[in-house]
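Trainee: I've got a new model open and I'd like to learn how to read it. Can you walk me through it, feature by feature?

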Amino acid sequence: MESLSKKQVEDFHDHGYVIIHGVLCDEEIDRIKSGVMRRIHQGNVIPRSQSYPAPAITFTIDRDNVEDPDLAYIATHPGIIHAAETLLGSPAILSAFVCYLKTPGAKGTSGDYQGSHPTAHQDYKTYQHAGSSLNWLFAITPLGDLDEKIGPLYVSPGSHKLSSIRKMGNGVHHVERAQAEKVAPLVNANLRKGDLLLMHMFCWHEGGPNQANRDRIGIYNKFRAANAPPACGPNLFNESAAKALTTNNRCLTPHHSDRHVTNTRLLIEHDSKYLMVRHRRGEDACQDSWELPGGNLQPIDLKRPHDAGNVIHSLEQNVCEQTGIEVPWMTYIGDYAEGETLCRIYAHPLTGKKPDMKCNTDERAEWFSADQFKQFAKNRQLINGYELQVIDHWLDNSYLRGVGESKRRALPGIT
Ligand SMILES: O=C(O)CCC(=O)C(=O)O
Ligand SMILES: [Fe+2]
């Protein structure tokens, strides 16, 4: 595949998508399909309750399945990565690897989560791992022709311009999501097997139902700019998938581990100070040691496994119980080792007057400056030791940070 032409780059920015025909040849398509079928037969698919070829089912083969060399082949395709990097204006990270296999009778796409359309939508989502980055695109490669019967992919030209990113006073960016009423009618993208559709994160689209007698198969990968992290937290690839995603000594994702996220903490900033808590229980050990507020992952965040990376609900609850502070949204900072598992850390900048705190009887909470944190570090008074790194990461304004919302807040009624 050649580099994108100037016209193709302009088309992407003008229309919100660009189609490059014949990126994959038949041999490559067969290779990827054989990887898809292998994983399906191994049962590594969602839903696990169904067996292929049950009719009217959308099978999803995602994330760690990319360890299969024939699936890694498409995820690491140099031409696609290069095109993504050109359009993102940045080194690219693979934020989601997804293949959909829709058997005959499978439904079309569901509507926008904010409810303005029953079947069309855009995939910038504050609660979804890849969708909550502020600079990402879709790289869609159908493995068969998307004709009228099997269900075309429809796109709304120019719809990406109707959503906008606004910088809030606290340095985090907020998205004004366009609603369906404003969006131009959708048109059939006429995708044929082996074509590549590169789609802007704000572009409205819809996939038709499969009314044919054969499977509708496509790869729907998402790439994000390296400096635009997922605001609600990434889904981690396992180490074997990360190895498969490594080409020319470069791993396409920084978010990989065989450890699990079991803990959550929040960096709450107010007036250049940060909140720390300490436990009163016990006479000695923790008396003079501090940590960021937070606590264990709650079972509620384990529902919706495909959004498992979003653990904001747990953290909202933990922080509220500990300090009485209610946090309506937060933005992902990173994952830090705590013993054998990971602690997922987010940040939230508070504006306005200092909040009243209602600590429970076992806890004390106080605000400290970054310099005081340095002093604590010197005196070994930080329980976990990564706190200064967290502050540095948060203060690094080369990152484009967005709003991450809990699944419960973004999707009322799901839990
Ligand atoms: O079925 C399709 O072609 C579209 C799928 C889709 O909208 C998505 O993966 O976000
Ligand atoms: Fe979509």
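Mentor: Sure, let's begin with the domains. Keep in mind that this is a predicted model. The domain assignment splits the chain into domain 1, residues 6-251, and domain 2, residues 261-410.

Trainee: How many Å separate the centres of domain 1 and domain 2?

Mentor: Taken over C-alpha atoms, the two centres lie 32 Å apart. The domains do touch: 26 residues of domain 1 are in contact with 24 residues of domain 2.

Trainee: And which classes of residue does domain 1 put on the side that touches domain 2?

Mentor: That side of domain 1 has 13 nonpolar and 13 polar residues, with no charged ones. As for size, people often quote an interface by the accessible area lost when the parts come together.

Trainee: Let's zoom out. What does the secondary structure of the chain come to?

Mentor: Nine helices and 20 strands. For overall shape, try the radius of gyration: the chain has 23 Å, close to the 22 Å from the globule rule for 415 residues, so it is as compact as a globular protein of that length. The C-alpha trace spans about 70 × 45 × 40 Å along its principal axes.

Trainee: What share of the residues is buried?

Mentor: Buried residues are 46% of the 415 in the chain. Contacts are worth a look too: among those with a separation of 6 or more, 78% join residues 24 or more positions apart.

Trainee: Now sheets. How do I read one?

Mentor: Strands of a sheet pair through backbone hydrogen bonds, either parallel or antiparallel. Here, take the open sheet of three strands, ordered β9-β6-β11, with antiparallel pairing. At its edges stand β9 (187-188) and β11 (205-207); each has a single partner strand, so one side of each is left without a neighbour in the sheet.

Trainee: Over how many bridges do β6 and β11 pair?

Mentor: Three, in the antiparallel sense, with β6 covering residues 153-155. For one bridge by name, Val155 has His205 in β11 as its partner.

Trainee: Last one, a helix. Which residues of α8 are buried?

Mentor: In α8, residues 387-395, the buried ones are Glu387, Val390, Ile391 and Trp394. Their arc around the axis is only 95°, which means they sit on the same side of α8.

Trainee: What do the buried residues of α8 pack against?

Mentor: Four strands and a helix are on the list: β15 (261-270), β16 (273-279), β18 (331-338) and β19 (341-349), plus α7 (370-378).

Notes: Residues numbered from 1 in each chain as written. Chains lettered and ligands numbered in written order. Predicted model: local features only at pLDDT ≥ 70, side-chain atom pairs only at ≥ 80, totals over all residues. Helix = DSSP H or I, 4+ residues; strand = E, 2+ residues; numbered from the N terminus. Rg over C-alpha atoms; globule rule 2.2 N^0.38 Å. Buried ≥ 20, exposed ≤ 12 C-beta atoms within 10 Å, placed from the backbone. Contact = placed C-beta atoms within 7 Å. Domains from an automatic or database assignment. Nonpolar A, V, L, I, M, F, W, Y, C, P; charged D, E, K, R; others polar. Pairing = 2+ DSSP bridges. Arc of directions from axis to C-beta.
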